[in-house]
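Student: Please take a close look at the interior of this model and at what surrounds it. I would like one connected account rather than a list.

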Amino acid sequence: ISHMRECHYAWFFETLANPLRMSILLYLLDKPRPVNDIVARTGEEQSNVSHALSILRLCNLVRLKVDGRRHLYQTNEALFRPLIKLVDEQVCANCGDVCPQEKRKKKLKRKA
């Protein structure tokens with residue numbers, strides 16, 4: 001793998017590793033939303049949300065949809081949904097006891 005591609009991979013996964021950006025991506029999976037809704041949902045300052053959205057747009061994870069005077073952000077479904085599906089089906093299924101999701105499942109089974 002070339003150094004240039006390695007940098008691209010690092011930037012992409014670093015983008016996803018940020019809790020605010022991941023929270024925004026997951027929130028936008030339901031439907032396109034304006035910045036004010038994202039700010040209210042995350043509890044972050046608008047400047048932080050706008051900065052996170054600009055980074056997500058650079059990685060093509062989020063798109064801006066202009067609807068009249070409204071500016072709505074939406075997840076790039078073709079890119080992000082398959083990625084989330086892969087994580088749900090493969091990564092969490094194979095990480096065993098170190099995965100918080102698996103620990104929660106075990107606790108729920110014990111309580112039942």
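Tutor: Of the 112 residues of the protein chain, 29% count as buried, and since the model is a predicted one, that figure is best read together with the confidence values. The mean pLDDT of the chain is 86, with 82% of its residues reaching 70 or more. Confidence is lowest in helix α6 (residues 100-111), where the mean is 60, and highest in helix α3 (residues 35-42), where the mean is 97.

The chain comprises six helices and three strands, and along the sequence these follow the pattern α-α-β-α-α-β-β-α-α. Among the contacts between residues with a separation of 6 or more, 49% join residues that are 24 or more positions apart.

The interior itself comes next. In soluble globular proteins, nonpolar side chains tend to be buried together. Here the largest nonpolar core has 21 residues, and those with the most contacts inside it are Ile24, Ile38, Leu53 and Leu61. Helices α1, α2 (19-28), α3, α4 (46-58) and α5 each supply at least two residues of this core, and α2 gives the most, with five residues. The surroundings of Ile24 can be listed in full: leaving aside residues up to four places away in sequence, Ile24 touches Ile38, Thr42, Val49, Ala52, Leu53 and Leu56. Two of these partners, Ile38 and Leu53, are themselves named among the core residues with the most contacts.

A polar residue can be followed into the same surroundings. Thr15 lies in helix α1 (residues 3-17), and it counts as buried because its relative accessibility is 1%, against a cut-off of 20%. A polar atom of the Thr15 side chain lies 2.8 Å from the backbone oxygen of Trp11. Beyond residues up to four places away in sequence, Thr15 touches Arg21, Ile55, Leu56, Cys59 and Leu61. Leu56 is thus a contact of Thr15 and also a contact of Ile24, while Leu61, likewise touched by Thr15, is one of the core residues with the most contacts.

Cys59, which is touched by Thr15, is buried, with a relative accessible area of 12%, whereas Cys7 is partly exposed, at 37%. A search of the whole structure finds zero disulfides.

From helix α2 one can also look toward helix α5. Leu26 has its place in helix α2, the helix that gives the most residues to the core, but Leu26 is itself partly exposed, with a relative accessible area of 41%, so it falls outside the under-20% limit for buried residues. Leaving out residues up to four places away in sequence, Leu26 touches Phe80 and Ile84. The C-alpha atoms of Leu26 and Arg81, which are 55 residues apart along the chain, are separated by 9.5 Å.

Arg81 leads to the charged side chains. Side chains of opposite charge can pair when their charged atoms come close. The structure holds three salt bridges. In one of them, Glu77 pairs with Arg81, with the closest N and O atoms 2.6 Å apart; both residues lie in helix α5 (residues 77-94), four residues apart, which is about one turn of the helix. Glu77 is partly exposed, with a relative accessible area of 34%, and Arg81 is also partly exposed, at 39%.

Another salt bridge joins the side chains of Lys85 and Glu89, with an N to O distance of 3.9 Å, and these two residues are again in helix α5, four residues apart, about one turn of the helix. Lys85 is partly exposed, at 47% relative accessible area, and Glu89 is partly exposed too, at 44%.

The salt bridge between Arg33 and Asp30, whose closest N and O atoms are 3.5 Å apart, spans two accessibility classes. Arg33 counts as buried because its relative accessibility is 9%, under the 20% cut-off, while Asp30 is exposed because its relative accessible area of 62% is over 50%. This pair therefore combines a buried residue with an exposed one, whereas in helix α5 both Glu77 and Arg81 are partly exposed, as are Lys85 and Glu89.

Key: Residues are numbered from 1 along each chain as its sequence is written. This is a predicted model: local features need pLDDT of at least 70, side-chain atom pairs count only at pLDDT 80 or more; totals for chains, interfaces and linings use all residues. Side-chain values use heavy atoms; hydrogens and water are left out. A salt bridge is a side-chain nitrogen of Lys or Arg within 4 Å of a carboxyl oxygen of Asp or Glu. Buried means under 20% relative accessible area, exposed over 50%, partly exposed in between (1.4 Å probe, protein chains only). pLDDT is the predictor's confidence in each residue, from 0 to 100. A polar contact is a pair of N or O atoms within 3.5 Å; within protein, one must be able to donate a hydrogen and the other to accept it, and residues adjacent in sequence count only if both atoms are side-chain atoms. Contact means heavy atoms within 4.5 Å. A disulfide is a pair of cysteine sulfur atoms within 2.5 Å. A nonpolar core is a set of buried Ala, Val, Leu, Ile, Met, Phe, Trp, Tyr and Cys residues joined through side-chain atoms within 4.5 Å.
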